[in-house]
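Trainee: Can we go through the contacts between the parts of this one? I'd like to start with the chains.
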Amino acid sequence: MSFSDFQLIPDGASTLASKVDALYFFALAVSAFFSLLIAVLIFFFFVRYRRRIDGPQVGERIHGSTPLEIVWSAIPFVITMVMFVWGAMVYYEKSQVPADAEEFLATGKQWMWKFQHPEGHREINALHVPVGKRIRITMTSEDVIHSLFIPAFRIKQDVLPGRYTTLWFEATRPGTYHLFCAEYCGAEHSRMIGSVYVMEQDDYQDWLSGGRSGLTPAESGAALFTQHACDTCHKEQRTGRGPSLHGIAGQQVRLASGRTLTRDDAYLRQSIVHPGAELVAGYPLLMPTFQGQITEEGILHLIAYLKSLSAPAAEYSPPIPPEGAEQGPSSADPSEVNP
Amino acid sequence: MSETSSVTVHAPGLAHHFDSYEQQKETSLLGMWLFLVQEVMFFGGLFVTYVYYRSLYPHAFNVGARELDVLWGTVNTGVLLLSSFTMVVAVMGAKHGSRGGLLAGLWGTIGFGLLFLGIKYVEYSSKWEHQLVPGLNFDWHGEAARGIEIFFSLYFGMTGMHALHMVVGIAIMFFMLRPAARGKWTPENHNFVEGFGLYWHFVDIVWIFLFPFLYLIGLASE
Amino acid sequence: MSTNVAAEASHPAPGDKPVHYLNWAYGVRSWLLTTDHKRIGILYLISITFFFFIGGIYATLIRLELLTPQADLVQPDTYNRLFTMHGIMMIFFFLIPSIPAVLGNFCIPLMIGAKDVAFPKLNLASWYMFMIGSTMAMFSLITGGVDTGWTFYTPFSTTYSNTYVAPVAIGIFVNGFSSIFTGVNFMATIHRMRAPGMTWFKLPLFVWSHYATSLIMVLGTPVLAITLVLVALERLFHFGFFDPAYGGDPVLFQHLFWFYSHPAVYIMILPGMGVVSEIIAAFSRKPVFGYRFVAFASLGIAAIGFLVWGHHLFLSSQGVYAGMIFSAISMMVAVPSAVKVFNWMATLFRGSIEYSTPMFYALGFIGLFVIGGLTGVMLATLGIDIHVHDTYFVVAHFHYIMVGSAVMGYLGGLHYWWPKITGRLYSGFWSHLSALLIFLGFNLTFFPQFLLGYLGMPRRYHVYPEEFQVLHVLSTAGASVLAVGYVIPLVYFLWSLKWGRVAGDNPWQAAGLEWHTSSPPPVHNFTTPPVLAPDAEPYHYDEELLTGTPSPELA
Amino acid sequence: MSEHSSSLMPYVLVLVGLLALTALTVLVALVDFGHPWSDAVALAIALSKASLVVLFFMHVKGSTPLIKLAAAGGFFWMLIFFAFILSDVLERTTLVSGWE
């Protein structure tokens, strides 16, 4: 695509884009119709009923008409309800993340976007994605609120500190597209931008194999898990001082306060950063807080690792971290961690 | 306001733009109530914040509330209710032209109000000693620390705003003492006293809600 | 209505200089300690005009910076301060007080036949609150400004911004009380101070719209006040309320902020709608079509408008179903708004329409409001908002409402009541010219921004991709026309004070009590308190009314 | 406005009622009624106390309809404010298992 060409509608490059555009054109047509109607009426009445020296000096005393009022209340009501229902359908689709979507990770910080592919590739202010694949991005912020905005995909989602939000899309057209931060985030807000590169699937595979992949999020998480000596307490079997973490992600848990919660990403994050916030029933508070010690990216990796731990602990064998991952972790002395 | 004959020589205490004491009284009461509606929304913002975080951190709020002194809270509730009663005495005094009643009511209200603030001071300083003042002096070892920090932020935010309203009220009452002694307020026009009474009772009502939701939650379950 | 009004304006003996509210006393004290609603209106007029031009200077700098895609005029820090201070000045210190505190203050007691507002001292206190609040904001401006955006989103405002957030927040807090005092005063005045015979359905629609506005001021402003207190506590003392680092939730801040700040838009637009109803009736010489529907539409907009704030949070990770509820209710605001527009159209029908400056503004208001309102419906549509949220589409939309509509309404009202306020007429030619310039300049400035928004240009960017430049240049060109259009009225209004023709009591031959007293009005508004006959009706125009001098702009 | 007698007796009774309700709310707080009910009881007692103050100390009983409307309207609007803000947070914390 060419940036120099003057456009009125941006390129559409996702499955959602055509749906948003269709809704937009409908709303535009309605708006144009009523704007023109009112403009024409104003001009017509203004000319037709202008005061002339020899004409009537006062207007006709017409006080109103209830049927008319009902009609012109009902018409906008019906039209806006059509727009509401249609809009809600598009929004619902945007908010329902397909289960089979590949999970990318993103963290926003003043003033850059960091992305990570499921295969482990990391990018800053650039995102390479294959065409025709459903992709979801789990996002969080290191500092203030940001918002990931890809105009060509007609998609946008705020990125908040202390919380995970998700954005998903399926790209349909290869090309290079803008990526913006849409929520004002400070001095260099307008430079917190980048590019999305939509590639044919083969090209994407080439790109993946060309770059240095590094560790996948789960592998990085495994490394962090040992590096921070989490494994001294959280053992595979229930032999450690802390609960076993195998197969817990997404499951229900009973808390010391008596409530039951789902261990979703947000709960796992909170349990790492603020272990005391919601204690699991049956375990005393021994774990220190890791607030400020692990980056948001690292926490995302730990969660990915926890999710990779399958439930049947008996037959479970830990994933083998690729070479280079073990030096740091194994050297950490478990006794350093003071519960 | 049905009277069309304009009052050329104004009665004492009747502002120029009103036609009658009746209109003046109704208008001033309405104005005061509208101001209280504004106050309801002001404290409403605090209460909604409270409910919001309590639904996020139910356990922490119960634990945090155990750090407050139920006895002092109960005593203070009683003190404030008594001050509301003395305020009624003051308004009745003004209404019936009893200068003594008005002054006694005002002094009583000032006294109970100051007693309330004194007890509040004792409570605040004990929170300071226990390092329970968020931001300035906060240290909580143990579970649910973050929710407890929010609880105490709200505790100081809500009781602080309430105490500020009391300080303003007491200051106004000190300024009311002299005109009261000189008989400024008559049975025909004591709208200021009556309006101030509404304000004071409103401040009392805020405390009526603050007390159970800050001091009494989780008393049985924790 | 004139035949029904018992009291006519007093005409002093020839050669006698009439005593009115402007000349009965002179000196600074007589102004700064006045409790006369008319003089307080003038005080507000002078103050908000000052802040309008301050805000305008910021806007000019913003538009100049955006001429080019690079940051060549100002640095990012400066740019962020510019749009923040532009928003704060224009919204809190110009638009919100504009029509209510100037025209509402001046006209409501006159329109309902009262000697003053219910609480004259509170009215003066309101102006002092405004001055204290605005001075604190100005202090922050002089010492370095604020860069949070006028929305103060947390945790940026409470933790990350290095600018003077707290003084501005406290300034807006204090200024909020000016708004609350005005609202309380208007409501009590409209309830309790009406002249005998002035029943609810004889009130001018301007008064109805101010009643609705006052409701919002009283019910909404305190929530902003407490929110800003919490922001200040978190920023100054690190109390935990909104910053996730302390366990807070930034989305709660957005809820609390928009609970006031969305209805605040209706504080700006409703009085403008009231002005338009008055002007359309006066210059078509017809009763307003569907009077009761227009009156209740004001209340409807105020009530429904309170329940729609969540449409600012569609992408803030608000719940999906909560978003749908807010979207559906937002749509419903379109109904009373459309009712008003259609009723104004029907009022023009078979009118005797006079070409005059206030009428130009009123019709401009309607046209721009229609565009602003319809694009508002588009923004409330969840599916479209995903794309245009936080883009220039939003910027264009709210400028169509706040500048296109509210400022046009304010200027229209000022032109309409200027002869009543000052007793003088302004130049017909220059006022026509400036109305035209403002209309054209406005559209040239902001229409391209709709296109920019759908193309994906985010808000609050000081550098942008090059393909957006064409539209930005158009916008800046329009802004320069707009700026000229805004300066001209300042000149001819000031000129008219000394050299303008004497207006007479009722230069437009309009109905309405305010035209049945002298211009400028006497200190207590009416020499004899007016009484309305039982069969009096609002906007009653017939040939009997048309006595005296013909309309000045026709002559 | 209704003209009450100059007797303070009715107000003394209201005061006694308020103090009794204060004692009651402390006593019932010692009993665990389970999750929503303990709060509901505390809220009900607080509302009763507030009603006593509003109706008698603030003379809403016996005042004009307009004053009654103002008093009720403020409270009603605060409820709306609560309902809409909580619709969001409750959806996120209970309906959808959201952040905690």
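Mentor: Let's begin with chain C and chain A, where the contact takes 77 residues from chain C and 78 residues from chain A; two residues are in contact if their C-beta atoms, placed from the backbone, lie within 7 Å. This is a predicted model, in which local features need pLDDT of at least 70 and side-chain atom pairs count only at pLDDT 80 or more, while totals for chains, interfaces and linings use all residues. Residues are numbered from 1 along each chain as its sequence is written, and chains are lettered from A and ligands numbered from 1 in the order in which they are written.

Trainee: Which helix gives the most to the side of chain C that touches chain A?
Mentor: That is α12 of chain C, residues 357–380, with nine residues; helices here are DSSP runs (H or I, at least four residues), and strands likewise (E, at least two), numbered from the N terminus.

Trainee: And how does that side of chain C divide by class?
Mentor: It has 48 nonpolar, 18 polar and eleven charged residues, where Ala, Val, Leu, Ile, Met, Phe, Trp, Tyr, Cys and Pro count as nonpolar, Asp, Glu, Lys and Arg as charged, and the others, Gly among them, as polar.

Trainee: Switching to chain D, how many residues of chain C are in contact with it?
Mentor: Eleven residues of chain C are in contact with ten of chain D, and the largest share of the chain C side, three residues, comes from α10(C). That side divides into six nonpolar, five polar and no charged residues.

Trainee: What about the domains of chain A?
Mentor: Chain A is divided into domain 1 (9–40 + 66–213) and domain 2 (217–336), with bounds from an automatic or database domain assignment. Ten residues of domain 1 are in contact with seven residues of domain 2.
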